Amino acid sequence: MSHARKYLIAGNWKMNLNSAEGAELAQDVASLVGQQTEVSVCLSPTYTALESVSKVVNKSNLLLGAQNMHQEAAGAYTGEISAEMLRHLFASFVILGHSERREYCGETDTIVNEKTLAALAANLKPIVCVGETLEEREAGRISEVIKTQVQGALVGVTTAQAENLVIAYEPVWAIGTGKTATPEMAEAVHAEIRSLLSGLFGAEAADKIRILYGGSMKPENADDLLAQPNIDGGLIGGAALKANAFAGIVESALKLSK
Ligand code: PGA
């Protein structure tokens with residue numbers, strides 16, 4: 001069985017690991033799954049570990065991602081980091097609009113949109129995160145919330161740029177809670193996202209965009225999630241901090257790629 005798009009397994013280390021610890025974990029992941037090329041594998045450390053992890057990643061087929069960036073190219077934005085600075089360290093991806101940033105840092109769809117456009121302009125592939133809260137799910141508002149977030153994040157993105165986009169569906173209630181959406185629940189939302197993308201960019205471009213699932217993905221549930229036709233990878237938090245667990249998820253994607 002093979003999947004329509006190349007899987008992307010992206011680790012989101014969140015605010016964990018200093019630069020030395022990050023390099024060590026990257027080395028362990030590289031030893032396990034750093035040579036294969038069938039699945040894209042990306043590690044997203046904190047800003048302070050980007051450079052040390054970059055050095056490890058660059059000697060393998062692993063890719064580097066960041067967890068956030070500022071939308072402006074440079075200037076008086078104390079504490080911020082630009083897309084160009086990430087590119088300079090050979091980052092390929094940047095996670096944007098993670099629900100933790102929406103909740104704790106006040107990121108709106110407009111800000112996520114500005115960051116998405118800035119990332120694409122700098123040749124960084126944005127991993128745009130969307131997802132409903134438990135309250136929104138229980139109120140039957142999933143489609144409305146997802147539509148607002150997807151369309152809001154992608155205003156002004158051209159069809160030519162769309163192939164560099166990645167969307168991550170992360171139901172907020174499943175993040176770090178051990179509660180995973182069932183493969184069927186996730187697939188239903190992924191299919192909706194693909195049809196929204198098709199409305200924005202046409203079916204051909206939408207078919208090339210990878211849509212990741214995130215929220216308590218681990219080796220035990222990865223096979224069933226990744227086997228869904230519109231689930232093209234994972235954004236992994238907790239399980240990305242353990243080399244064996246993270247590599248196990250990559251192995252699931254490898255198996256399904258054959
Ligand atoms: P989790 O985090 O795998 O720990 O649920 C996923 C994420 O927040 O990206």
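In this predicted model, Ala 186 belongs to helix H9, which spans residues 183–201. The relative accessibility of Ala 186 is 0%, so this residue counts as buried. The cut-off for buried is under 20% relative accessible area. Ala 186 can be paired with Gly 214, a residue 28 positions away along the chain. The C-alpha atoms of Ala 186 and Gly 214 are 9.5 Å apart.

Tyr 213 is part of strand E7. This strand covers residues 210–214. Tyr 213 has a relative accessible area of 0% and is therefore buried. Ile 231 lies 18 residues from Tyr 213 along the chain. Between the C-alpha atoms of Tyr 213 and Ile 231 the separation is 6.4 Å.

Strand E7 is followed by a loop that leads to helix H11, residues 219–226. Ser 216 is located in this loop. The phi angle of Ser 216 is near 55°, a positive value in a residue that is not glycine. Most residues other than glycine have a negative phi. Ser 216 has a relative accessible area of 16%. This value falls under 20%, so Ser 216 is buried.

Leu 17 also has a positive phi, about 75°, and is not a glycine. Leu 17 is found in the loop between strand E1 and helix H1. Strand E1 comprises residues 8–12, and helix H1 comprises residues 19–33. The relative accessibility of Leu 17 is 27%. Buried ends at 20% and exposed begins over 50%, so Leu 17 counts as partly exposed.

Attention now turns to the ligand. The ligand sits in the second largest pocket. Around the ligand are 13 residues. The closest are Lys 14, His 98, Glu 170, Gly 176 and Ser 216. By class, this shell contains 7 polar, 4 nonpolar and 2 charged residues.

Several polar atoms of the protein lie beside oxygen atoms of the ligand. From Glu 170, a polar side-chain atom is 2.7 Å from a ligand oxygen. Ser 216, the loop residue with positive phi, takes part through its backbone. A polar backbone atom of Ser 216 lies 2.7 Å from an oxygen atom of the ligand. Gly 238 also places a backbone N or O atom 2.8 Å from a ligand oxygen. Taken alone, the ligand exposes 280 Å². The protein buries 95% of that area.

How values were computed
Residues are numbered from 1 along each chain as its sequence is written. This is a predicted model: local features need pLDDT of at least 70, side-chain atom pairs count only at pLDDT 80 or more; totals for chains, interfaces and linings use all residues. Side-chain values use heavy atoms; hydrogens and water are left out. A residue is near a molecule or strand if one of its heavy atoms lies within 4 Å of it. A polar contact is a pair of N or O atoms within 3.5 Å; within protein, one must be able to donate a hydrogen and the other to accept it, and residues adjacent in sequence count only if both atoms are side-chain atoms. Accessible areas come from the Shrake-Rupley method with a 1.4 Å probe; for residues, only the protein chains shown count as cover. On a 1 Å grid over the protein atoms alone, a cavity is a set of points where a 1.4 Å probe fits but cannot get out, and a pocket is an open set with protein on both sides within 12 Å along at least five of seven lines; lining residues have an atom within 4 Å of a point. A molecule sits in a cavity or pocket if more than half of its atoms lie within 2 Å of its grid points. Ala, Val, Leu, Ile, Met, Phe, Trp, Tyr, Cys and Pro count as nonpolar, Asp, Glu, Lys and Arg as charged, and the others, Gly among them, as polar. Helices (H or I, at least four residues) and strands (E, at least two) are DSSP runs, numbered from the N terminus. Buried means under 20% relative accessible area, exposed over 50%, partly exposed in between (1.4 Å probe, protein chains only).
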